[in-house]
Amino acid sequence: MAKPFYITTPIYYVNDRPHIGHTYTTVLADVSARFHRMMGDDVAFLTGTDEHGQKVEKAATARGITPKALADEVVANYTELWKRMDITHFRFIRTTDDDHRKVVQGRFQQLLDSGDIYKSTYKGLYSVSDEAFVTEIQAKELQAQGLAHQLVELEEETYNFRLSRYETPLLEYFAAHPDFVQPDFRFNEVKRFVEGGLQDLSISRTSINWGIPVPGDEQHVVYVWFDALLNYLTGAPEGAWPPDLQIVGKDILRFHAVYWPAFLMAMGLELPKTILAHGWWLMGDDKMSKSRGNVVRPDTLLKFGNDALRFYFMRDMQVGHDRSFSLEGFMDRLNADLANGLGNLAARSITMIQKYRDGVVPDFAAQDALDRELDTQGKGLVTQFVAKAKADDFHGALDGLWIHLRALDGYIVKAEPWRLAKDEINNAKLDAVLAQLYRSLRATALLITPVMPTLAQSLWESLGIAGKVVEQSLSGFVYDAPAGFNVGDPKPLFNRIDKEAEMKAIEDTVVPMPPIAESSTEASPLDVPELRPIIDYDTFAQTDLRVGQILSAEAVPKSKKLIKMTVDLGFEQRTILGGIAAGYSPEELIGRKVVVVANLAPRALMGIESHGMLLAASDNASKPYLIAPPEDAKPGFIVK
């Protein structure tokens with residue numbers, strides 16, 4: 001029995017609802033899975049969620065619920081979205097699953113017995129966002145990115161993995177497997193990191209409880225990345241190891257291309273064949289981020305259809321590189337390629353076959369050089385598309401296909417079939433044109449199936465072909481095979497979007513990043529009030545600023561601006577109303593650290609007593625930006 005083609009996505013951390021970054025990764029994996037099925041492979045496609053760690057524990061505590069309850073709540077968003085989008089994974093794995101717990105503890109014990117894991121005391125910098133101890137080099141990288149505030153000094157007893165032992169084996173493996181990480185420039189980043197020297201890696205924590213206990217030493221929980229990476233082992237079907245394709249974002253490539261293969265080497269297991277690192281979807285020049293308020297949710301885009309979103313992802317993102325997102329660009333792409341492009345071409349071609357040949361596809365016999373050129377191009381279409389898709393370059397595969405479709409539009413303009421139909425002397429040439437259009441559209445329906453399965457089926461049926469296109473074989477396709485069926489009525493493949501109307505309808509859904517001003521000798525003026533009257537130090541010193549943590553938040557009925565929050569000040573909890581709805585939803589405020597004016601007299605707003613004020617920055621035109629203390633500052637700390 002042949003080994004299944006094993007594809008994985010990263011497992012998504014349960015600190016937020018899925019955004020288009022998560023969705024893109026999963027769609028890329030699903031397109032690859034569908035493609036390989038049409039190539040005849042037995043595909044195993046795994047996705048899921050990463051549910052342990054400090055951030056989940058803290059967020060759950062802030063809400064007064066268990067970490068598992070919080071995880072269940074967030075996981076439902078993923079499972080429902082993947083079902084809605086018809087994602088074809090065979091399992092949705094969770095790191096809270098019983099079989100995963102057993103795998104993690106068993107593999108931890110294996111490496112403890114072999115000496116690859118040892119116990120010691122670690123003192124150093126810890127990245128709150130990555131939930132990982134960092135080296136001096138990594139700390140400098142975070143500082144250069146303006147993320148130094150996420151680093152805290154920690155000292156605790158820990159189990160360590162002997163990562164340093166695998167520095168040379170990793171470099172030797174990289175040299176022997178030049179396709180291990182794709183694209184090449186990402187692989188070069190990984191190599192340089194390993195060549196800079198590897199230090200042993202802390203893989204347990206004692207300061208948190210939410211995780212898988214270390215076997216035999218339950219005051220320790222297994223470090224979230226050791227736990228998370230082993231999901232690929234837990235979820236692997238029998239006979240599927242090693243993974244053929246592991247898709248990750250570039251921000252977690254180091255964990256997957258350095259730590260993960262080192263763990264597997266220590267366990268005596270084969271390494272994945274290819275780790276594919278994709279770039280980020282950006283708003284302007286910035287990565288989408290919940291804290292920045294520039295996240296695009298899938299629901300905003302799915303109103304145009306599942307296939308439309310899948311097509312846009314594959315058509316516009318060149319794997320490995322970042323790509324800026326805009327709603328205008330999204331709609332322009334769909335209008336140009338699906339409505340005006342493929343949709344219009346298919347409708348015109350099928351209508352002409354019905355009108356001029358009563359729906360019967362004629363035999364093909366090239367009449368001139370243009371016919372022969374298009375025929376040669378069409379015959380190479382599937383081969384070229386498949387070669388690109390095998391290399392996980394669906395952007396390039398679709399680009400080549402749309403070049404051919406545009407050539408067909410030009411072919412129609414030059415051949416003028418409506419003129420040919422006026423005189424029987426032109427029958428042979430008209431037959432050539434109609435047959436050529438049919439064959440190319442039939443190939444197109446097949447090739448777009450992994451990307452747009454529903455639209456492909458509509459085109460397949462319009463061409464008069466029986467059965468399901470998803471069940472066809474890409475490897476056995478014959479471009480110039482006889483039609484066998486009369487064409488049907490052309491079904492509308494994609495309706496043109498009224499961009500202006502849609503932008504008005506969804507303009508409040510996405511909060512774009514403010515444009516970056518071009519450099520100039522004079523600073524751009526800010527739209528802010530004039531400076532208030534000068535006060536002396538003694539007057540200012542009466543203001544008591546405290547760190548607070550938001551425990552709950554809800555919109556205030558009949559108010560567009562106010563959000564009602566319960567804020568923990570360490571010594572007491574208070575109700576505070578803030579006019580921040582333009583910048584934050586109630587859901588994303590929960591667990592957030594804020595700075596509070598704690599000695600402000602209570603006042604009534606909308607019939608609710610508010611005792612305190614949150615500090616935020618803005619000008620007269622922008623949304624509010626809450627002032628955030630460092631992550632390790634505790635509620636009640638004095639801000640001075």
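These are my notebook entries on a predicted model.

**Ground rules**

I am working with a predicted model, where local features need pLDDT of at least 70, side-chain atom pairs count only at pLDDT 80 or more, and totals for chains, interfaces and linings use all residues. Residues are numbered from 1 along each chain as its sequence is written, and side-chain values use heavy atoms, with hydrogens and water left out.

**Overview**

I looked up the secondary structure first and got 22 helices and 26 strands. Both are DSSP runs numbered from the N terminus: helices are H or I with at least four residues, strands are E with at least two. Of the 640 residues, 52% are buried. My cut-offs there: buried is under 20% relative accessible area, exposed is over 50%, and partly exposed is in between, with a 1.4 Å probe and protein chains only. Next came contacts, meaning heavy atoms within 4.5 Å. Among contacts with a separation of 6 or more, 75% are between residues 24 or more positions apart.

**Nonpolar cores**

I count a core as a set of buried Ala, Val, Leu, Ile, Met, Phe, Trp, Tyr and Cys residues joined through side-chain atoms within 4.5 Å. The largest one has 107 residues, and Phe313, Met314, Phe325, Phe330, Leu334, Leu342 and Trp402 have the most contacts inside it. Helix α13 (residues 327-357) gives the most to this core, namely 13 residues. I also pulled the neighbours of Trp402: leaving aside those within four places in sequence, Phe311, Arg315, Asp337, Leu338, Leu342, Ile448 and Met452 are in contact with it. A second, separate core has 55 residues, including Ile252, Ala257, Leu271 and Ile275. Background note to self: in soluble globular proteins, nonpolar side chains tend to be buried together.

**Aromatic rings**

I found 28 aromatic pairs. The rule covers rings of Phe, Tyr and Trp (its six-membered ring) with centres within 6.5 Å; planes under 30 degrees apart are stacked, over 60 edge-to-face, and the rest tilted. Phe108 and Phe226 have ring centres 5.8 Å apart and planes at 85°, so I logged the pair as edge-to-face. Phe108 is in helix α4 (residues 98-114) and Phe226 in helix α8 (residues 224-229), so the pair ties together parts 118 residues apart in sequence. Both Phe108 and Phe226 are buried. Tyr173 and Phe180 also pair edge-to-face, at 5.4 Å centre to centre and 85° between the planes. Tyr173 and Phe180 are both buried too. Then there is a cluster linked by ring pairs: Tyr24, Trp281, Phe304, Tyr312, Phe313, Phe325 and Phe330.

I checked charges over rings as well; the test is NZ of Lys or CZ of Arg within 6 Å of the ring centre and within 35 degrees of the ring normal. Lys250 has its charged end over the ring of Trp280, 4.4 Å from the centre. Lys303 lies over the face of Phe304, 5.9 Å from the ring centre.

**Arg94**

I find Arg94 in strand β4 (residues 91-94). Is it buried or exposed? Arg94 is buried, with a relative accessible area of 15%. Its side chain makes a polar contact with the side chain of Asp72 at 2.5 Å. (A polar contact is a pair of N or O atoms within 3.5 Å; within protein, one must be able to donate a hydrogen and the other to accept it, and residues adjacent in sequence count only if both atoms are side-chain atoms.) Beyond neighbours within four places in sequence, Arg94 is in contact with residues including Thr49, Glu51, Lys68 and His100.

**Two open sheets**

Strands pair here if DSSP finds at least two bridges between them. One open sheet has five strands in the order β20-β19-β18-β21-β24, paired antiparallel. β20 (573-578) and β24 (613-614) are at the edges with a single partner strand each, so one side of each has no neighbour in the sheet. β21 (residues 593-597) joins β24 through two bridges, and Val596 has Leu614 as its bridge partner in β24.

Val547 belongs to β18 (residues 545-555) and is buried at 3% relative accessibility. Val547 and Val596 are 49 residues apart in sequence, yet 6.2 Å apart C-alpha to C-alpha.

The other open sheet has three strands, β10-β12-β11, again antiparallel. β11 pairs with β12 (residues 217-222) over two bridges, and Val214 stands opposite Asp217 in β12.
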